[in-house]
Amino acid sequence: ALYRDAHEALPPAARATLLLLLWLLYQQKLEEAKCSLRGDLPERADVLHAAATRVAAKVQAALPQTLWVQPTLAFFRTAALLSNGCYSGDAPPCRARMAAMLAADGLAYPRLRLMATCRAAEEGGDASGRDIDPADDGPRLAIHAGKPALLEAELRREHAQDAVNGRPVGAPKPAAGEPQSKALEVYWLVVEGLRPEGERNPMVH
């Protein structure tokens with residue numbers, strides 16, 4: 001009901017744009033239900049998809065500067081789904097679609113592992129942690145409000161062992177003149193600082 005009320009309050013042009021964006025997200029499911037666009041709507045949907053992708057790229061670069069953590073994460077998720085024509089990041093049909101798209105580009109399906117530790121910077125060295133041994137299991141100093149802390153994060157691309165130069169084993173070799181290695185994977189690390197209830201949590205740089 002909330003969505004219907006908001007949708008009906010939009011001007012006709014904005015309402016049509018919203019419906020086409022929803023089509024782009026749910027196209028796979030709607031086509032399975034034998035639903036399709038008629039007339040010039042397929043071309044309009046393609047134009048909207050290209051425009052939305054360009055706008056999303058600009059917003060993704062600017063939004064983190066607002067330090068709004070949850071809106072930023074929500075936008076990143078929505079932009080990724082829209083770019084790939086998926087309505088969910090967890091639904092099996094969408095995961096299968098993503099795997100097929102990656103395989104078509106000669107890429108392995110990501111398997112990621114994120115590990116993080118946080119400690120008081122006073123334990124040794126400066127805030128960069130250059131003199132701190134991550135393997136040291138000794139006693140730690142408490143982290144106090146207003147004092148510097150060191151956050152160490154490590155992202156392991158476990159799917160990399162299934163690939164050579166970013167390509168799955170058995171994938172076609174790059175064409176002549178094509179670089180052997182490309183930056184085809186991009187990851188964002190967003191750290192949220194926790195504030196007392198009622199205060200907005202900040203994004204930590």
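**Group meeting: salt bridges, a helix and a surface patch**

Hello everyone, let me start with one residue: Glu154, whose relative accessible area of 39% makes it partly exposed. Please keep in mind that we are looking at a predicted model.

Who is the partner of Glu154 in a salt bridge? That would be Arg156, and the closest N and O atoms of the two are 2.9 Å apart. Arg156 is partly exposed too, at 37% relative accessibility.

Now let me step back to the whole chain. Of its 205 residues, 20% are counted as buried. There are five helices and six strands, and if you follow the sequence you read α-α-α-α-α-β-β-β-β-β-β. The accessible surface is about 14,500 Å², with 58% of that belonging to carbon and sulfur atoms. As for contacts between residues at least 6 apart in sequence, 54% of them join residues at least 24 apart.

Back to the charged pairs. As a reminder, side chains of opposite charge can pair when their charged atoms come close. How many salt bridges does the structure hold? The count is four, and I will show you two more besides the one I opened with.

One of them joins the side chains of Arg119 and Glu152, at 3.6 Å from N to O. Arg119 sits in strand β1, residues 112–120, and Glu152 in strand β2, residues 149–157, so this pair ties together parts of the chain 33 residues apart in sequence. Is Arg119 buried or exposed? With a relative accessible area of 6%, Arg119 is buried, because the cut-off for that is under 20%. Its partner Glu152 has 22% relative accessibility and therefore counts as partly exposed.

The other is between the side chains of Arg195 and Glu199, where N and O are 4.0 Å apart. Arg195 is partly exposed at 44%, and Glu199 is partly exposed, with 44% as its relative accessible area.

Let's turn to a helix, α4, which runs over residues 69–84. Its 16 residues, at 1.5 Å a residue, should span 22 Å, and the C-alpha atoms at its ends are 23 Å apart, so expectation and model agree. Which residues of α4 are buried? They are Val69, Thr72, Phe76, Ala79 and Leu82. Around the axis they cover an arc of only 165°, which means that they lie on the same side of α4.

What do those buried residues pack against? Their neighbours are α2 (12–32) and α3 (41–62), together with β5 (191–192) and β6 (203–204). So if you have the structure open, look at both helices and strands around that side of α4. Then move along to Gly85, just after the helix, where phi is positive, at about 65°.

Finally, a look at the outside. A nonpolar patch on the surface is formed by Leu112, Leu114, Leu155, Tyr187 and Leu189, and together they have about 470 Å² of accessible area. Take Leu114 as one of the members: this leucine lies in strand β1, the strand that also holds Arg119. Leu114 has 57% relative accessibility, so it counts as exposed, the cut-off being over 50%. That puts two contrasting side chains in front of us: Arg119 is buried, whereas Leu114 is exposed.

That is my tour for today. Thank you for listening, and I am happy to go back to any of these views.

Terms used:
Residues numbered from 1 in each chain as written. Predicted model: local features only at pLDDT ≥ 70, side-chain atom pairs only at ≥ 80, totals over all residues. Heavy atoms only, no water. Helix = DSSP H or I, 4+ residues; strand = E, 2+ residues; numbered from the N terminus. Expected span 1.5 Å × (residues − 1). Buried < 20%, exposed > 50% of the residue type's maximum accessible area, 1.4 Å probe, protein only. Arc of directions from axis to C-beta. Contact = heavy atoms within 4.5 Å. Areas by Shrake-Rupley, 256 points an atom, 1.4 Å probe, with all protein chains shown as cover. Patch = residues over 30% accessible without salt bridge, like charges linked within 9 Å, V, L, I, M, F, W, Y side chains within 5 Å.
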